[in-house]
Amino acid sequence: MTIRNHPERYSTPVVILHWFMLLLLIAVYGFIELRELFPKGTEPRELMKTLHFMLGLTVLATVFLRLFFRISSRTPAIQPAPGWISRRVSQAVQIALYTLMIGMPIAGWLVLSAAGKPVPFFGLELPPLIAENKGLADTIKGVHKTVGKAGYLLIAAHALAGLYHHYVRRDNTLTRILPGR
Ligand code: HEM
Ligand code: HEM
């Protein structure tokens, strides 16, 4: 296992955390969408929401570890090297993805705090971040939902770009972040 990035591929922790985060986000998005299958106030709907909250908070707990491994070592070079614009766009998208992984869980935590609702985390109850304020809860919830929807587009664009590099440009962008290659 390599803790530091190899010149031609990301380190094992970055690779594991990248794909673990994808699974986590599928679950976070999946549970909040699936809640719509159940009427308001029913137990399965509340369970779906609780799983959304707890797994969303797991994103927050994990993202800093990932960021640490990411910035503690040089990014492996893409070969053949893409153009300047492509590199800048990719950087901007990666910054936006990190902002999503940090900002969305904090916004969710703020919504529950301002709504005066408990913040569950695998048997624990986390403290509220702000005082109860229903109006503010609704405002932050609106932002959380809109940015969450934008997250679908951002993740899709990022994943498609990775596939484009692999199948069309035929460079090593994707293999740098695949396990065991
Ligand atoms: C990366 C993490 C997260 C993502 C991507 C995310 C995404 C979303 C999305 C897309 C929705 C709206 C679905 C719709 O339009 O109805 C939503 C709703 C919501 N999320 Fe999150 N969320 C995350 C983390 C959290 C966390 C950690 C909490 C709380 C601790 C939270 C609390 C909520 C609440 C209260 C709602 C509204 C639920 C409702 O009105 O029934 N979210 N989230
Ligand atoms: C099927 C889904 C996905 C594919 C095919 C994919 C593909 C890739 C590829 C090819 C890279 C290397 C790009 C480079 O080094 O320039 C990468 C890196 C990255 N991906 Fe993804 N990705 C996917 C899902 C996600 C998700 C869900 C997130 C987070 C919301 C994410 C966040 C990142 C970040 C932040 C990097 C930079 C390396 C790092 O800091 O870990 N990716 N991805």
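**Ligand 2 and the two biggest pockets**

A polar side-chain atom of Tyr98 sits 2.5 Å from an oxygen atom of ligand 2. Keep in mind that this is a predicted model. Ligand 2 takes up the largest pocket, which has a volume of about 1,200 Å³.

**Around ligand 2**
- The shell around ligand 2 counts 21 residues, with Tyr10, His18, Tyr98, His158 and Arg176 the closest.
- Two arginines also reach ligand 2 oxygens with a side-chain N or O atom: Arg70 at 3.0 Å and Arg176 at 2.9 Å.
- By class, that shell splits into 12 nonpolar, six polar and three charged residues.
- Helices 1, 2, 3 and 4 each chip in at least two residues of the shell.

**The largest pocket**
- This pocket has a volume of about 1,200 Å³, and of its 43 lining residues, Tyr10, Ser90, Gln94, His158 and Thr173 are closest to the centre.
- Helix 1 (12-34), helix 2 (43-71), helix 3 (84-114) and helix 4 (134-169) each give the lining at least two residues.
- Helix 3 makes the largest contribution to the lining, with 12 residues.
- The lining breaks down into 27 nonpolar, 10 polar and six charged residues.

**The second largest pocket**
- Here there's about 1,000 Å³ of space.
- Its lining has 40 residues, and Ile32, His52, Phe53, His144 and Lys145 lie nearest the centre.
- Helices 1, 2, 3 and 4, plus strand 1 (119-121), are the elements giving two or more residues to this lining.
- Sorted by class, the lining of the second largest pocket has 20 nonpolar, seven polar and 13 charged residues.

Methods: Residues numbered from 1 in each chain as written. Chains lettered and ligands numbered in written order. Predicted model: local features only at pLDDT ≥ 70, side-chain atom pairs only at ≥ 80, totals over all residues. Heavy atoms only, no water. 1 Å grid on protein atoms, 1.4 Å probe; cavity = no way out; pocket = protein on both sides within 12 Å on 5 of 7 lines; lining within 4 Å. Points joined across faces, edges and corners; volume = space filled by probe spheres on them. Helix = DSSP H or I, 4+ residues; strand = E, 2+ residues; numbered from the N terminus. Nonpolar A, V, L, I, M, F, W, Y, C, P; charged D, E, K, R; others polar. Near = heavy atom within 4 Å. Polar contact = N/O pair within 3.5 Å; in protein donor to acceptor, adjacent residues only side chain to side chain. Sits in = over half its atoms within 2 Å of the grid points.
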